[in-house]
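Q: Could you take a close look at one buried part of this model, follow the contacts that lead away from that part, and say with care what the coordinates show?

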Amino acid sequence: MSLVAIVGRPNVGKSTLFNRLVGMRQAIVDDTAGVTRDRHYGKCEWCGREFSVVDTGGYTTNSEDVFETAIRRQVQIAIDEADVVLFMVEAATGITDYDAEIAEVVRRTRKPVVLCVNKVDSGDKVFDTYQFYSLGLGEIYSISAANGSGTGDLLDEIVRVLPEDRQEEDPYAGLPRVTIVGKPNVGKSSLTNALLGEERNIVTPVAGTTRDSIETHYNKFGHEFMLVDTAGIRKKGKVHEDLEFYSVMRSIRAIEHSDVCVMMIDATTGMEAQDMNIFNLIIKNRKGCVLVVNKWDLFIKDSNTLNEYTRSLKSRLAPFDDVPVIFTSVVKMQRIQDVLSAVSQVSANYRQKIPTARLNEALLPLIEETPPPAWKGKYVKIKYVTQLPTKFPAFAFFCNLPQYVKEPYKRFLENNLRRNFNLTGCPVQIFIRQK
């Protein structure tokens, strides 16, 4: 999926435009209950094309002494990752030194650059936009992110310059894609090396589609899949304030192209805010998940520590807490095989197709015993359930009054699906349809 990065100096309206673009998508699909949307990342759909949007806002430093270095670093990261760069300026202030600085950077890229001038919310302000032609970035798109005017033409241009989705022939196309993700320094590369070992003859290097991600054909111990290491999340020389932004940018690409994500966290720090951002990306993209708690050998333990740690971890992950949790010490090669077993099981769960007859046989008696609550004297009757032909587990329940089936009852249906069928590690989506 193509990636569009919104760049520009602070306070030109990048986040407002981001929310408007992502809002179009959110109006079409249901969000997962209880999952907070990562404010830097979202999806937009326009004229049948779907693409990811990243907002680079909020990452610049307030110190003007180091602003030039900081803005170059942020824009360069966005350019490296994006397929299209959306450069945003503001009509009222004209071309500032910061705008000129960013323009100098984006002019050097070979990626498509779309220049939009924000806060053009009346006809007379159009005259303020012509000065931006001097930046040498081609056509100007005048918009008002606050009220939405001009965004249609802007999106038309973005879709026009988006690269075609490549359908390259892949000899390993049928294999599950397993991606190791996590924030810097949690042991992703160490786990990859531990899994691959020294027997290099049984692995086949494949050219990575995403720069700084390494794909390997893994075929060992009865397990076969494409293993993707995102060791490039952490880059030497990146200062502290860049790390979260850089890891989210890398994780978006890696997660979108995977089937199962092995998410690693550091046992000594626990599940931090940045870990939750990456976990939410996995759930938002409907990917299978195995949670690996690394550096367990460094954690001070007693007889009940593991159970308490697991319980605390799953309370943070709620409502989607049906995730296998493996405690490892990669440097000591402890429980590496458990990670492989969990990945294989989650991959099988993710790809399984449950026969319609089995679904109805297991769920309809439970639904009849505990039907949806009546709404204003009207009774909802669910008559039929089937699995949808999607990559991830999704189920359609057909009933007479779908509009009266509320979120708590959908949660009840999901819990019963998990109780009767092995869906551990897999996000489940439920649709209520008219019979």
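A: Helices are DSSP runs of H or I with at least four residues, strands are E runs with at least two, and both are numbered from the N terminus. In those terms, Asp 259 belongs to the loop between helix 6 (240-256) and strand 11. The model is a predicted one, and the values that follow are computed from it.

Asp 259 has a relative accessible area of 4%, so this loop residue counts as buried. The side chain of Asp 259 makes a polar contact of 3.2 Å with the side chain of Lys 391. Asp 259 can also be placed against Asn 285: the two are 26 residues apart in sequence, and their C-alpha atoms are 9.8 Å apart in space.

From there the description can turn to strand 15, which covers residues 394-399 and has 6 of its 6 residues buried. Ala 394, Ala 396 and Phe 398 point one way from strand 15, while Phe 395, Phe 397 and Cys 399 point the other way, and the residues of both sets are buried. Strand 14 (residues 382-387) pairs with strand 15 in the antiparallel sense, over 5 bridges, and a hairpin of 6 residues joins strand 14 to strand 15. Within this pairing, Tyr 384 stands opposite Phe 398. The ring of Tyr 384 also has the charged end of Lys 435 sitting over it, 5.4 Å from the ring centre. A contact of this kind is found too for Phe 392, where the charged end of Arg 286 sits over the ring at 6.0 Å from its centre.

Strand 15 also pairs with strand 16 (residues 429-434); these two strands run parallel and are joined by 6 bridges. In that pairing Ala 394 stands opposite Gln 429 of strand 16. The connection can be described as well, since strand 15, helix 11 (residues 407-420) and strand 16 together make a right-handed β-α-β unit.

Strand 15 also has a place in the nonpolar interior. As a general point, nonpolar side chains in soluble globular proteins tend to be buried together. The largest nonpolar core of this model has 30 residues, and those with the most contacts inside it are Leu 191, Leu 195, Leu 227, Val 262, Met 264 and Val 290. Strand 15 supplies at least two residues of this core, as do strand 7 (177-181), helix 5 (188-196), strand 10 (223-229), strand 11 (260-266), strand 12 (288-294) and helix 9 (336-351). The largest share of the core, 7 residues, comes from helix 9.

The aromatic side chains add another set of contacts, with 10 aromatic pairs in the structure. In one of them, the ring centres of Phe 279 and Phe 320 are 6.2 Å apart and the planes meet at 20°, so the pair counts as stacked. This pair links distant parts of the chain, because Phe 279 lies in helix 7 (residues 273-284) and Phe 320, 41 residues away, lies in the loop between helix 8 (305-317) and strand 13 (325-327). Both Phe 279 and Phe 320 are buried. Trp 296 and Phe 299 also form a stacked aromatic pair, at 5.1 Å centre to centre and with 10° between the planes. The two partners can be told apart by accessibility: Trp 296 is buried at 5% relative accessibility, whereas Phe 299 is partly exposed at 24%. Ring pairs link Trp 296 and Phe 299 with Tyr 309 and Phe 327 into a cluster.

Two further buried positions may be set beside Asp 259. Ser 52, in strand 3 (residues 49-55), counts as buried at 0% relative accessibility, and a polar contact of 2.5 Å joins its side chain to that of Glu 256. Val 120, in the loop between strand 5 (113-118) and strand 6 (140-142), is buried with a relative accessible area of 8%. Val 120 and Ser 149 are 29 residues apart in sequence, with a C-alpha to C-alpha distance of 8.4 Å.

Definitions and conventions:
Residues numbered from 1 in each chain as written. Predicted model: local features only at pLDDT ≥ 70, side-chain atom pairs only at ≥ 80, totals over all residues. Heavy atoms only, no water. Buried < 20%, exposed > 50% of the residue type's maximum accessible area, 1.4 Å probe, protein only. Pairing = 2+ DSSP bridges. Right-handed = clockwise from strand over helix to strand, strands pointing away. Phe/Tyr/Trp six-rings, centres within 6.5 Å; stacked < 30°, edge-to-face > 60°. Lys NZ or Arg CZ within 6 Å of the ring centre and 35° of its normal. Polar contact = N/O pair within 3.5 Å; in protein donor to acceptor, adjacent residues only side chain to side chain. Core = buried A, V, L, I, M, F, W, Y, C linked by side-chain atoms within 4.5 Å.
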